[in-house]
Amino acid sequence: MLQTRITPPREIDSPTQESASLEQTVSSAIALIGRQYPVIIFVMCLCIGLAGVYLLTAPKRYTGTAVLLIDSRKMQGLQTQQATGADSSIDSAMVDSQVEVLKSETIATNVIKQLHLLDSPEFTDDEAGLLTSISNLFSWMFPEQRPSEAALMRIAIGKVLGYLSIKRVGLSYVIEISYQSRSPDEAARIANAVAEGYINDSLESKYQASRRAAVWLQDRLKELRTEASTAERAVVDFKAKNNIVDAGGRLLTEQQLAEINSSLTQARAQRAEAQAKLERITAILNSDDGDSKVILNDLATVTDTMNNPVITKLRQTYLDYAARESDWSNRYGPTHLAVVNLRNQMREIRHSITDELRRTAEVYKSDLAIAKAREESSQKSLNDTITLSNGTNQAQIALRDLESNAQSARALSDNFLQLYMVSVQQQSFPITEARVITQASNAPNKTSPKTTLILLATLIGGAILAGGVAVLLDMMDRVFRTVSQVEQYLRTSCLASIPTIGSEQNQGLAGHTLLSRAGRLLARRKKQPQPAAPKSVPAAASGPPLGKSEPRSKQPQPHGDRLLTANQSVGRYVINSPFSRFAEGFRSIKLACDLSSYGSANKVVGITSGLPNEGKSTVSEALAQTVAQSGARTLLIDGDIRNPSLTARLAPSAHAGLIDVVIGRVDWTDAVWIDPQTNLHFMPCVVTSRFSNSSDVLASPQMERLFQNLREHYDRIILDLSPLAPVIDVRATGALADSYILVVEWAKAKVDILERVLSETPIVRERMLGAILNKVNMAVMSRYDIYSAGYYRNRYYKRYGYVD
């Protein structure tokens, strides 16, 4: 990855930054999948493999299903209460209760006994499991004891109920009975047996309930009959004691009272009539005797009432005489003898009528007396009867209570007799509301293991598990993998991403070709005459020397014993393979160093890392070779006094180095080695024993004066320093280095460690030119930076001559 970043360090996002949008969330998820897809694929394959092993090893089970209907219609004509229309529908709670009855141990026990399932090892052996397998390993240590019949029955019940499934179909009255077994015939047989067992149990329960009810009703019926007889006997005794006699549903006193009341009414009417007649006749008799017309008129009003034939006949005769007297008086005169005789006869008739009236009045007086006597007798009888009736009514209150008790006892006895008859009928013909509408078939119906469901669950569960593992690994992956991470956590620019040499495509063939070409070039240069001093820029220089020209009065001369021949070094790869990403990355670093030199002196660049083995020495060598190849006077110094690995690789035969120059043992020109191909100068660090005060040497005035002298003779000094975490030598180089470059090993350097060491070394943070992401696997890095994934593809670089 070729990058030249001279922008200021990017600040870390503040915690008040807005939450990620949906697009960012999706992008983050895609990035996570891109980073962790090997782990995700591995976990998914592992889950699918385990599922496949389970599907191959799990025993197959078949399901038999019988369908039961709880019918709410009752069989009429068999039971008395049903014949009367007392039919009640089955509610939902009742159906759910029957489902639980089907799951009961009673049904399971009946099925086991009916089908003799205790003889089958499938229902008496424990399920094979981890604990069972472990216990079988140690079974020889304990004597084998055969389980009891009760224990075998408990195991069989658990097996039957474990594989039995009872469910209601929606809100209907239909219940499905399913059973799983290793044999389809066994599954169908047990499912049908459960349905039949439920029906038989229902019939048996109803028979037992009817029998118990009949026994109880019989005993209760005897008690009720005794109570009814006692109550009725009490009614009869009370009537006899209180002289209460009824006839035709009425009491005798009530009938007498009605009759006496009727007689009294008649007597009163007769008395009134007799008194009226007597008073009328008396009124007639008391009228004027001389007034014959008044008497005749009064007689005319009472004759019809009295119905007296004598008076009627006399009155008629009188009227005839009166008519004749009137006629004769008009004809013969009022003094005629015949007229006078008629008048005398008429006077006799009036006297006769008056006498008859007096006799009739005496009769009426007698009738009136009789009527009054009868009325008084009836009134007395009525009063006596009323008195007797009042006493009887008081007794009637108690009598009604006794009769009511007797009727209630008799009605209750009759009801219990009816219930007793119904229970007897139910014992003779018990019925149930359940019936089997579909028998379980023995056709194969494999339900376990469910291949499609298991594979679907495996895919879903594996995806969830893989995602969780990927997220967990990503959260635990606190290392630097992208340029953005370097800039975010270290607050500096990432100058370049240096790919690892071993990961490049066709590296074996390309490396061999490039090394062979470099060897031939070195051989040709050795045949040419060597210059006396590096006063001019080599012909292969790509441009003018950087910086101001320095006096060259004192330059190290090339010596046969101090020539670098590091063609096999990784740092030399920038020269041997100039059209590689590796070389382009170091040109990016060189450009950043050149641009940072404008306006200020930045000759000495310190190369360090957080921990050892992150490639800082290789980076130092490759950067120095790149700068030297451009024609700049470049000096590479091995400043890692504790572990001078660069010296061991480039100049293993050196006898004098940086320490010898500082203590004044040799001149610095005599300690410098020269690369004849790029004119790179290298000052090794030769130590014969471990230094405990290496930081004092780096911070000494002699070292500072040495670097001041070297600044006058070189355009760029690359200082390979020790790591920051193990030793404190870098802290003592504040007077030596103008800037620092931090080497960060890709996918190995810990974020926490680098943050800690940079906080402890403020001089490096303040003067940090940038960081380098080293040993990058470009193919893997593209998975962690999805926004720049295409940036790492080789096809974009081949157009410009790159050979990677």
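This short talk walks through a predicted model, taking its sheet, several helices and a few individual residues in turn.

Before the details, two remarks on the ground rules. Residues are numbered from 1 along each chain as its sequence is written, and side-chain values use heavy atoms, with hydrogens and water left out. Since we are looking at a predicted model, local features need pLDDT of at least 70 and side-chain atom pairs count only at pLDDT 80 or more, while totals for chains, interfaces and linings use all residues.

Let me begin with the sheet. It is an open sheet of 8 strands, in the order S8-S15-S14-S9-S13-S10-S12-S11, and its pairing is mixed. The strands, like the helices I will come to, are DSSP runs numbered from the N terminus, with helices (H or I) having at least four residues and strands (E) at least two. When I say that two strands pair, I mean that DSSP finds at least two bridges between them. As general background, strands of a sheet pair through backbone hydrogen bonds, either parallel or antiparallel. The edge strands here are S8 and strand S11 (673-675), each of which pairs on one side only, and the twist averages 25° from one strand to the next.

How covered is edge strand S8? Strand S8, residues 494-499, is mostly covered, with 6 of its 6 residues buried, where buried means under 20% relative accessible area, exposed means over 50%, and partly exposed lies in between, computed with a 1.4 Å probe on protein chains only. S8 pairs with strand S15 (residues 768-776) in the parallel sense over 4 bridges, and within that pairing Ser497 stands opposite Leu773 of S15. Elsewhere in the sheet, strand S10 (residues 634-638) and strand S13 (residues 716-720) also pair in the parallel sense, over 5 bridges, with Asp638 having Asp720 in S13 as its bridge partner.

Two residues in this part of the model deserve a look at their backbone. In general, most residues other than glycine have a negative phi. Lys775, found in strand S15, has a positive phi of about 60° although it is not a glycine, and Lys775 is partly exposed, with a relative accessible area of 32%. Arg491 sits in the loop between helix H13 (483-490) and S8; the phi of Arg491 is near 55°, again a positive value in a residue other than glycine, and at 40% relative accessibility Arg491 counts as partly exposed.

Turning to the helices, I will start with H12, residues 451-476. The expected span of a helix is 1.5 Å times one less than its number of residues, so the 26 residues of H12 should span 38 Å, and the 36 Å between its end C-alpha atoms agrees with that. Ile454, Thr458, Gly462, Ala466 and Ala470 of H12 are buried, and what covers the buried residues of H12 includes helix H1 (22-57). A general point fits here: an α-helix has 3.6 residues a turn, so residues three or four places apart point the same way.

Next come two helix pairs. Axes are lines fitted to C-alpha atoms, for helices over the stretch in contact, and angles run from 0 to 180 degrees between N-to-C directions. Helices H16 (residues 581-597) and H17 (residues 616-629) pack at an angle of about 75°, with their axes 9 Å apart. H16 and H17 are therefore roughly perpendicular to each other, on a scale where under 35 degrees counts as roughly parallel, over 145 as roughly antiparallel, 65 to 115 as roughly perpendicular and the rest as oblique. Contact, meaning heavy atoms within 4.5 Å, is made by residues including Phe582 and Phe586 of H16 and Val619 and Leu623 of H17.

In the other pair, helix H4 (residues 105-115) packs against helix H6 (residues 149-163) at an angle of about 110°, with their axes 9 Å apart, which makes H4 roughly perpendicular to H6. Among the residues that meet are Ala108 and Ile112 in H4, and Met153 and Ile157 in H6.

I will close with two residues in other helices. Is Glu325, in helix H10 (residues 309-332), buried or exposed? At 15% relative accessibility Glu325 counts as buried, and, not counting residues up to four places away in sequence, Glu325 touches Val339, Leu342, Arg343 and Met346. Val780 in helix H24 (residues 778-784) is also buried, with a relative accessible area of 18%, and although Val780 and Gly34 are 746 residues apart in sequence, they are 9.1 Å apart in space, C-alpha to C-alpha.
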